[in-house]
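Colleague: Before we discuss the details, could we look at the sequence and the model together, and then go through the questions one at a time?

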Amino acid sequence: MPAVHCLTPETQIVLANASTRGKDFHDNRDAAETEFVELRNELIHLQTALYAEGRQKLLVVLQAMDAGGKDGTIRHTFKGVNPQGVRVTSFKKPSSEELAHDFLWRIHQAVPGRGMIGVFNRSHYEDVLVVRVDSILPEDIWRPRYETINNFEKHLVDTGTTVLKFFLHISKKEQKERFQDRLDEPDKHWKFDQDDLHKRAQWNDYQHAFEDMLNNCTTEHAPWYLIPGDQKWYRNLAIMRVMVATLKNMNPRYPEADDLSGVEID
Ligand code: ATP
Ligand code: MG
């Protein structure tokens, strides 16, 4: 397992001290992109075996500031993977029906079944992020959720799900550039949301909330990976390495085939 970006329960991360740029592998973007494509081909084969085996489940959770690269990560890493075996869920503001239930109700319905890869674009962690920063609920409601989340993820792991959680860490400067791009390019206007500026104004509160999320919810069974996100090529390779190593470790096997030697087709 490439532990480079994997947090441990003992570490207390301070995001202001954590680099948003990758340093530890490939200064060379071309080499990184070549490795990325090779690994993606491996991912495609591993996913096919996972689906055929129909026993294990993989959940990939993505969290980041706006323009942090969640969408781009999904688009690049799963390109060419059989869509039938991957289910992406984007968690938006909860509906009134969702709000009428406990916060994990909608999450639990979206976790992957046997043989599937589930991808969460935002997740149950919004319930200790935006809910906290915007004071949607009081602290005595959101604070105990860290433990609730740890127990929930433990339950998923105990019932055959491998959980990978990636926090894409970008700088405030990089976010500004990406927002500016969205303003400058008409084809990207649809990605620009005025509300993102409101969230940008709360940058420090969000960084603090992310820190607590990373520090309180990195467990042995479901650690967070802290991914430097300013360079997209670095981010993609860092995540791809973890995903491929994890799937290799899960070691999905094609089911034993029946003896087909006597089978004839008219
Ligand atoms: P994009 O990056 O493409 O804009 P997005 O994930 O930002 O995608 P939006 O529809 O713009 O999608 O935003 C979803 C919004 O829903 C976010 O502002 C997020 O904070 C909010 N949200 C998600 N979960 C919750 C929750 N449990 N409670 C309150 N708000 C939530
Ligand atoms: Mg948005």
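**The ligand and its surroundings**

Colleague: How far does a backbone N or O atom of Lys 93 lie from an oxygen atom of ligand 1?

Modeller: The atom to look at in Lys 93 is a backbone N or O atom, and its partner is an oxygen atom of ligand 1. For Asp 71, by contrast, it is an N or O atom of the side chain that is 3.0 Å from an oxygen atom of the ligand. For Lys 93 the distance is 3.1 Å.

Colleague: How should we read the names and values, and what pLDDT do local features need?

Modeller: Residues are numbered from 1 along each chain as its sequence is written, chains are lettered from A and ligands numbered from 1 in the order in which they are written, and side-chain values use heavy atoms, leaving out hydrogens and water. This is a predicted model, in which totals for chains, interfaces and linings use all residues, side-chain atom pairs count only at pLDDT 80 or more, and local features need pLDDT of at least 70.

Colleague: How much of the accessible area of ligand 1 does the protein cover?

Modeller: There are 14 residues around ligand 1 (each with a heavy atom within 4 Å of it), and those that come nearest are Asp 71, Lys 92, Arg 122, Glu 126 and Lys 199. Asp 127 places a polar side-chain atom 3.1 Å from a nitrogen atom of the ligand. Of the 630 Å² that ligand 1 has on its own (Shrake-Rupley method, 1.4 Å probe), the part covered by the protein is 84%.

Colleague: Which residue's side chain makes a polar contact with the side chain of Asn 121?

Modeller: Asn 121 is in strand 3, residues 117–121 (strands are DSSP runs of E, at least two residues, and helices are runs of H or I, at least four, numbered from the N terminus). Asn 121 is buried, at 8% (buried is under 20% relative accessible area, exposed over 50%, partly exposed in between, with a 1.4 Å probe and protein chains only). Leaving aside neighbours within four places in sequence, its contacts (heavy atoms within 4.5 Å) include Leu 62, Lys 70 and Phe 91. The polar contact is 2.8 Å (a pair of N or O atoms within 3.5 Å; within protein, one must be able to donate a hydrogen and the other to accept it, and residues adjacent in sequence count only if both atoms are side-chain atoms), and the partner is Asp 71.

Colleague: What is the phi of Arg 122?

Modeller: Arg 122 lies in the loop between strand 3 and helix 5, and it counts as buried because its relative accessible area is 18%. Although Arg 122 is not a glycine, its phi is positive, at about 70°.

**Core and cysteines**

Colleague: Which helix gives the most to the largest nonpolar core?

Modeller: The largest core has 38 residues (buried Ala, Val, Leu, Ile, Met, Phe, Trp, Tyr and Cys joined through side-chain atoms within 4.5 Å), with Tyr 125, Leu 214 and Trp 224 making the most contacts inside it. Strand 1 (57–64), helix 7 (145–158) and strand 4 (161–169) are among the elements that each supply at least two of its residues. With six residues, the element that gives the most is helix 10.

Colleague: Is Cys 217 buried or exposed?

Modeller: Zero disulfides are counted (a disulfide being a pair of cysteine sulfur atoms within 2.5 Å). Cys 217 is in none, since the nearest cysteine sulfur, that of Cys 6, is 14 Å away. Cys 6 is partly exposed at 22% relative accessibility, whereas Cys 217, at 0%, is buried.

**Further positions**

Colleague: How far apart in space are Pro 228 and Lys 23, C-alpha to C-alpha?

Modeller: Pro 228 is found in strand 5 and counts as buried, at 7% relative accessibility. Although Pro 228 and Lys 23 are 205 residues apart in sequence, their C-alpha separation is 9.1 Å.

Colleague: With which residue does the side chain of Glu 174 make a polar contact of 2.8 Å?

Modeller: Glu 174 lies in helix 8, residues 172–184, and is buried, with a relative accessible area of 15%. The side chain that Glu 174 meets at 2.8 Å is that of Arg 178.
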